[in-house]
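Please find below my notes on the ligand site and the pockets of this model, set out as numbered points.

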Amino acid sequence: MKTTLSELAVLGGPPAFEDLLHVGVPNLGSRDDLLARFNDILDRKWFTNNGIYVREFEAKICELVDSEHCVATSNGTIALELAIRALGLTGEVIVPSFTFVATAHALQWQEIKPVFCDIDPHTHHIDVDKVESLITPLTTGIVGVHLWGNPCNVEALADIADRNGLRLLLDAAHAFGVSCGDHMIGNFGDAECFSFHATKFCTSFEGGAIATNNAELAEKLQLMRNFGFDGPDNVIHIGTNGKMNEMSAAMGITSIESIDEFVKVNHQRYEQYRAALATVSGVELYEHQATSRHNFQYAVALIDESTAGISRDALLRTLHAEKVLARRYFYPGCHRMEPYRSYQPHAGLLLPETESVASKVLVLPTGKGVTEEQVDTICELLRFAANNGPELSQRLAQM
Ligand SMILES: *Cc1c(COP(=O)(O)O)cnc(C)c1O
């Protein structure tokens, strides 16, 4: 435990950790079960193209999220791109700027303009009161994002979409295994897209899936993910290669089999951060919604510079020196990234809450990649740095 500022690694002391602590260290289920599946795939010599493991993975997802259809894809971004195209979105689509850049890119990739909507500063979700004012004759849809694993306001978004003849797609990359009211995420809007990237708490190395209760849409998505093939030699639709391979599906199945354990660990870490940070002034933990099922995938600290006397970025620098690689998700917001920054240079004027939240967020390591003791140490470091905020801030400025 550090007692003087000079002991902080950023000011020349020894780092608190020997090895780097990353956000989003992959969770691994049963290695033996995974290797048995890998061996089976090698024996069968069927590596991709709707193999038995992909179909099993899709069935497991349907079972878990209680949706009628699921189309597994090579990654979450392709899932979004396919869903956007299959839903016939064109022109303009309303989307939050405070999200991973893939949400906006999946639209722009198809020459659809993402129209950025500001967020609610408490939930970090798209502010449903600001959506309608962004609708123009070119608007064809809304893409909501269930940020940090919390359901966004799907009822209000569905209502706006209905009243205005728009499609509603949901980026559920953070919300696998989460419920919203009486239903699981995977049942809202026209479709919902998951990601099983290695940094997501439930992973298939790379992977994604689209869940929907619309049979016609599911059929179209299946065609589009496989070049539009309807049987050998018969291409009946525009398509791409969005297929998930068997190894990824095997990993996905193995992850789902351990999902309860992953959630339990995430939940424990979250409660630990919450208890420890409750008494640190200027550092607040983002509170997850009390849904009946949650994944507690992210531990998100919010730094209030005026109370802590030190900026989020100075705290980030302090933690990084201690080998805690906290992250500034999703700084600085999509609207400040290319190509949006060039295409829409004044978008920020309508996004004050996005800019404010993006300047406060510090995502901390959680999941099986960190131990309880390590979380304790991270909290002590944050407490020490925040308690000495003004002085630390000053010393860092002099360096
Ligand atoms: C991870 C993520 C994606 C993209 O998923 P990939 O599987 O990495 O392509 C999309 N949206 C959000 C919000 C994400 O966090």
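1. Around the ligand there are 14 residues, counted as near when a heavy atom lies within 4 Å, and those that come nearest are G76, T77, D171, S195 and K200. By class, this shell has 3 nonpolar, 9 polar and 2 charged residues, where Asp, Glu, Lys and Arg count as charged and Gly is among the polar ones. The helices α3 and α4 each supply at least two residues of the shell.

2. The model is predicted, and local features need pLDDT of at least 70, side-chain atom pairs count only at pLDDT 80 or more, and totals for chains, interfaces and linings use all residues. Residues are numbered from 1 along each chain as its sequence is written, and side-chain values use heavy atoms, with hydrogens and water left out.

3. Polar side-chain atoms lie at short listed distances from oxygen atoms of the ligand: 2.6 Å for T77, 2.7 Å for S195 and 3.1 Å for K200. Taken alone, the ligand exposes 380 Å² (Shrake-Rupley method, 1.4 Å probe), and the protein buries 93% of that.

4. The ligand takes the space of the largest pocket, which holds about 590 Å³. A pocket here is an open set of points on a 1 Å grid over the protein atoms alone, where a 1.4 Å probe fits, with protein on both sides within 12 Å along at least five of seven lines, and lining residues have an atom within 4 Å of a point. Of its 38 lining residues, F100, H197, T199, K200 and Y298 are the closest to the centre.

Definitions and conventions: Points joined across faces, edges and corners; volume = space filled by probe spheres on them. Polar contact = N/O pair within 3.5 Å; in protein donor to acceptor, adjacent residues only side chain to side chain. Sits in = over half its atoms within 2 Å of the grid points. Helix = DSSP H or I, 4+ residues; strand = E, 2+ residues; numbered from the N terminus.
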